[in-house]
Amino acid sequence: MADRLTSSAAKSLGAALSASGKTVVVAESCQGGLLGGAITSIPGSSLYFSGGVLAYGNSAKISLLGVPPDLIAARGAVSREVAVAMADGVLSIFRADLAIAVTGVAGPGGGSRGKPAGTVWVAVVAPGGVRYAHRFRFPGGREAVRRETVMASLRAAIDVLQSGAAEGE
């Protein structure tokens, strides 16, 4: 269930999507369905939320979203390139107007020196290409990282809808 902050952000995203007449889809990894859950916690979200794919493991990223295995091997599952490929994949599946994809290390284990726990990539893609891709390093434990990831994802999508946010890192 979404908390007060994520619920507020999900409402804002819903309002922006409704105002623009656009639909959104999600491809989720490290937050395990929390992003789709936050979006669908808002009554009426079926008007703008088409669906999502929970691709927690690399095999799901490859088989469900079409992320090339060599891309994961070369860049790692937690990378800008894989986040964008996940977003492209889910956008293609659902033919929506906007896709949000997230891949990261929620922790407490699983990280590496270059990608410690708390490292997360969020990508927002539209049919015309990448609108936003950003790496975050969230502090705290697993639940804090997952919650902050949902908030960052919602904010990124809102920013893209409202201002056509450029790529970032």
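Trainee: Which backbone oxygen does the side chain of Lys115 reach at 2.8 Å?
Mentor: This is a predicted model, so read each distance as computed. A polar contact here needs N or O atoms within 3.5 Å. At 2.8 Å, the Lys115 side chain meets the backbone oxygen of Val78.

Trainee: Which other backbone oxygen does the side chain of Lys115 reach, at 2.9 Å?
Mentor: Start with the neighbours. Lys115 touches Arg75, Gly76, Val78, Ser79 and Val105, leaving aside residues up to four places away in sequence. At 2.9 Å, its side chain reaches the backbone oxygen of Arg75.

Trainee: Where is Lys115 found, and what is its relative accessible area?
Mentor: Lys115 is in the loop between S3 and S4. It counts as partly exposed, because its relative accessible area is 26%.

Trainee: How far apart in space are Lys115 and Gly66, C-alpha to C-alpha?
Mentor: Gly66 comes just after H3 and has a positive phi of about 75°. In sequence, Lys115 and Gly66 are 49 residues apart. In space, their C-alpha atoms are separated by 23 Å.

Trainee: Why do the buried residues of H3 lie on the same side of it?
Mentor: H3 covers residues 58–65, and Ala60, Lys61 and Leu65 are buried there. Ser59 and Ser63, on the other side of H3, are exposed. The buried residues share a side because they cover an arc of only 105°.

Trainee: What covers the buried residues of H3?
Mentor: Helices and strands both take part. The cover includes helix H4 (69–75) and helix H5 (80–94). It also includes the strands S1, S2 and S3.

Trainee: In what order do the five strands form the open sheet?
Mentor: The pairing is mixed. Neighbouring strands are turned by 15° against each other on average, direction ignored. The order is S2-S1-S3-S4-S5.

Trainee: Which strands stand at the edges of the sheet?
Mentor: Look for strands with a single partner strand. Such a strand has one side without a neighbour in the sheet, so it stands at an edge. The two are S2 (49–54) and S5 (129–137).

Trainee: Which residue in S2 is the bridge partner of Val24?
Mentor: S1, residues 24–28, pairs with S2 in the parallel sense over five bridges. Val26 stands opposite Gly52. The bridge partner of Val24 is Phe49.

Trainee: Which residues of S1 point the other way from Val24, Val26 and Glu28?
Mentor: S1 is mostly covered, with five of its five residues buried. In a regular strand, side chains alternate between the two faces of the sheet. Val24, Val26 and Glu28 point one way; the other way point Val25 and Ala27.

Trainee: How many residues of S4 are buried?
Mentor: Thr119, Trp121, Ala123 and Val125 point one way from S4. Val120, Val122, Val124 and Ala126 point the other way. S4 is largely enclosed by the rest of the structure, because the buried residues number eight of eight.

Trainee: How many bridges join S4 to S5?
Mentor: First, S3 and S4 pair in the antiparallel sense over six bridges, with Ile100 partnered by Val124. A hairpin through two residues then joins S4 to S5. Val120 stands opposite Phe136 in S5. S4 and S5 run antiparallel, and the bridges that join them number eight.

Trainee: Which helix gives the most residues to the largest nonpolar core?
Mentor: That core has 33 residues; Leu13, Leu35, Ile39, Ile100, Val122 and Leu154 touch the most other members. Elements supplying at least two residues each include H1 (4–20), H2 (34–40) and H6 (142–163). With nine residues, the top contributor is H6.

Trainee: How many residues are in the other core that lies apart from it?
Mentor: Leu65, Ala77, Ala99 and Ala123 are among its members. Nonpolar side chains tend to be buried together in soluble globular proteins. The residues of this other core number 26.

Trainee: Which backbone oxygen does the side chain of Ser153 reach?
Mentor: Ser153 lies in H6. It is buried, because its relative accessible area is 0%. It touches Leu35, Ile100, Val102 and Val122, not counting residues up to four places away in sequence. At 2.7 Å, its side chain reaches the backbone oxygen of Thr149.

How values were computed:
Residues are numbered from 1 along each chain as its sequence is written. This is a predicted model: local features need pLDDT of at least 70, side-chain atom pairs count only at pLDDT 80 or more; totals for chains, interfaces and linings use all residues. Side-chain values use heavy atoms; hydrogens and water are left out. Two strands pair if DSSP finds at least two bridges between them. Helices (H or I, at least four residues) and strands (E, at least two) are DSSP runs, numbered from the N terminus. Axes are lines fitted to C-alpha atoms, for helices over the stretch in contact, and angles run from 0 to 180 degrees between N-to-C directions. A nonpolar core is a set of buried Ala, Val, Leu, Ile, Met, Phe, Trp, Tyr and Cys residues joined through side-chain atoms within 4.5 Å. Buried means under 20% relative accessible area, exposed over 50%, partly exposed in between (1.4 Å probe, protein chains only). The arc is that of the directions from the helix axis to the C-beta atoms. Contact means heavy atoms within 4.5 Å. A polar contact is a pair of N or O atoms within 3.5 Å; within protein, one must be able to donate a hydrogen and the other to accept it, and residues adjacent in sequence count only if both atoms are side-chain atoms.
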